[in-house]
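Visitor: Could you take me on a close look at one part of this protein, the strands and whatever packs around them? I work at the bench, so please go residue by residue where you can.

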Amino acid sequence: MFTETILDPAKTEKPTRKPTLLVVDDEEGPRQSLRVVFKDDYNILLAESGPKAIEIARQNRIDAVISDIRMAGMSGIELLGKLKAVDPSIEVIMLTAYETIETARQALRYGACDYLNKPFDIGTMRTAVANAVERRNISDEMRLNNMKLLELQGQLQNQKLQDEISKSRGEIYASIIHDINGPLTIISGFIQLINQRISDAHRVEGEDLEMVKDRLKRMTRQVTNCIEISQRYLSFMRQRSNECAQVRVNQVLSDIEELLRAHPTTQHHELFVNILPEDVTLQINGTDLIQILLNLAINGFQSSELPHAVKVEGKLCSDTSALSTMRSGPNDALLNQDGFKNFGPILRISVEDTGPGIPPELLARIFEPYFTTKAEGKGTGLGLSIVHRLLKSADGLLHLHSVLGEGTSFNLYLPALAIHE
């Protein structure tokens with residue numbers, strides 16, 4: 001039975017700017033009261049009328065607005081619509097002493113994120129403003145992700161990949177599609193989950209808000225992975241060197257666990273990821289290592305639809321003399337043994353599954369491009385061929401051991417640069 005290590009890597013939060021809160025009321029008293037309440041947590045801007053608020057919004061980035069509904073000249077409802085025209089991401093809290101069902105409906109119809117009564121409770125108001133700022137941050141995150149994806153699309157188009165395919169590099173294009181499909185599958189799953197949780201909600205708060213924030217952070221990481229994957233292949237096409245790339249193994253193992261737990265292939269199966277007691281730095285592109293381990297693990301999960309387990313773990317090898325004498329056999333296959341740099345500290349990363357195992361007659365073929373034993377439409381036959389190519393470029397060695405009825409283990413050996421306490 002495998003034992004599981006819970007990953008809890010330390011993460012340092014980046015400093016964030018102070019959000020800007022605009023208070024709009026045609027009475028001086030409420031404006032100043034709200035300024036006093038929020039001055040320590042937000043940059044406060046004050047407006048005595050709707051037109052003044054619009055002018056301020058055009059000149060400044062506004063995260064949230066507190067606006068009275070009944071004001072001379074321009075009502076709060078009218079101001080709400082005009083603020084959304086200036087910046088659709090501005091979140092507006094409507095405040096009134098004369099609540100009616102119709103005004104509440106109008107406020108929500110025009111995009112207000114909350115609707116509070118005067119006199120307001122300070123705790124309720126603080127919660128409303130905090131939720132409004134979080135909604136603004138979520139909107140910005142989604143817009144940034146969209147921009148990154150558009151940038152990625154532009155880069156791929158600018159490289160005229162279709163021309164390259166027609167010449168000699170169809171495998172590169174297919175590899176890009178295969179590798180990017182993993183992060184995009186995860187992004188799609190997160191979007192569906194968010195839509196299910198908030199599609200019928202007028203307000204997003206509490207557990208739903210925390211879920212949306214968490215999923216958006218993960219989606220951002222997957223968008224970044226898509227961009228890094230595309231840049232790696234574009235660099236390969238331009239014949240750029242990647243010799244200086246380095247990565248810490250425990251961060252990769254942490255990322256792999258998060259990616260796999262969100263991937264649909266892991267449903268109904270068990271996943272175990274064990275980090276190293278002492279972290280190790282490898283000379284390999286971090287995205288390459290993630291793609292290698294992701295492809296191997298997904299291959300393990302897809303080996304059978306019956307419930308089974310996949311374990312990923314790393315171990316520093318104290319004696320590597322046997323690596324140069326290993327040979328292929330009925331239950332074993334070796335990749336890149338001639339190109340393997342077997343000197344200095346060597347790290348082994350294993351991906352083991354308790355699936356049905358690989359028949360001996362197929363063992364030597366599974367790394368061939370487009371070779372697959374899956375049903376039509378279930379696999380491309382590219383995952384393990386990508387592993388082969390990335391492993392070779394990193395001067396690594398792969399030992400595959402599989403026994404029918406017992407399972408399969410992929411043992412990846414890579415030269416280590418440094419060991420960290």
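Guide: Happy to. Let's start at one bridge: Phe272 has Lys311, in β9, as its partner. Please keep in mind that this is a predicted model. The bridge belongs to a pairing of β7, residues 270-274, with β9, where the two strands run parallel and 5 bridges join them.

Stay with β9 for a moment. This strand covers residues 309-317, and 7 of its 9 residues are buried, leaving the strand mostly covered. β9 also pairs with β11, residues 346-353, this time in the antiparallel sense and over 8 bridges. There, Cys317 finds its bridge partner in Ile346 of β11. As background, pairing within a sheet goes through backbone hydrogen bonds, and it can be parallel or antiparallel.

Now to another set of strands, earlier in the chain. Here 5 strands make an open sheet with parallel pairing, in the order β2-β1-β3-β4-β5. At the edges are β2 (43-47) and β5 (114-117), each of which pairs on one side only. On average, and with direction ignored, neighbouring strands of this sheet are turned by 20 degrees against each other. In the pairing of β1, residues 20-24, with β2, the strands run parallel and are joined by 5 bridges. Thr20 is opposite Asn43 of β2.

Two helices come with these strands. Helix α2, residues 50-59, packs on the sheet and touches β1 and β2, and its direction makes about 145 degrees with that of β2. Helix α1 lies across β1, β2, β3 (64-68) and β4 (91-96), and runs at about 175 degrees to β2.

Which residues of α1 are buried? Within this helix, which spans residues 28-38, they are Pro30, Arg31, Leu34, Val37 and Phe38. Looking down the axis of α1, these buried residues fall within an arc of 130 degrees, so they line one face of the helix.

Phe38 deserves a closer look. Phe38 counts as buried because its relative accessibility is 0%, where buried means under 20%. A search of the whole structure finds 1 aromatic pair. That pair is Phe38 with Tyr42, in an edge-to-face arrangement with 5.7 Å centre to centre and 70 degrees between the planes. Tyr42 is buried too, at a relative accessible area of 12%. Over the face of the Phe38 ring lies Arg126, at 5.6 Å from the ring centre.

For contrast, try Gly405, which sits in the loop between β12 (397-403) and β13 (407-420). Its relative accessible area is 68%, so Gly405 is exposed, a term that here means over 50%. Even so, Gly405 touches Gly355 and Pro356, leaving aside residues up to four places away in sequence. Gly405 and Pro356 are 49 residues apart along the chain, yet their C-alpha atoms are separated by 4.7 Å.

Stepping back to the protein chain as a whole, there are 12 helices and 13 strands. Of its 421 residues, 47% are buried. Among contacts between residues at least 6 apart in sequence, 74% join residues at least 24 apart.

Methods:
Residues numbered from 1 in each chain as written. Predicted model: local features only at pLDDT ≥ 70, side-chain atom pairs only at ≥ 80, totals over all residues. Heavy atoms only, no water. Buried < 20%, exposed > 50% of the residue type's maximum accessible area, 1.4 Å probe, protein only. Helix = DSSP H or I, 4+ residues; strand = E, 2+ residues; numbered from the N terminus. Arc of directions from axis to C-beta. Pairing = 2+ DSSP bridges. Axes fitted to C-alpha atoms, helices over the stretch in contact; angles between N-to-C directions. Contact = heavy atoms within 4.5 Å. Phe/Tyr/Trp six-rings, centres within 6.5 Å; stacked < 30°, edge-to-face > 60°. Lys NZ or Arg CZ within 6 Å of the ring centre and 35° of its normal.
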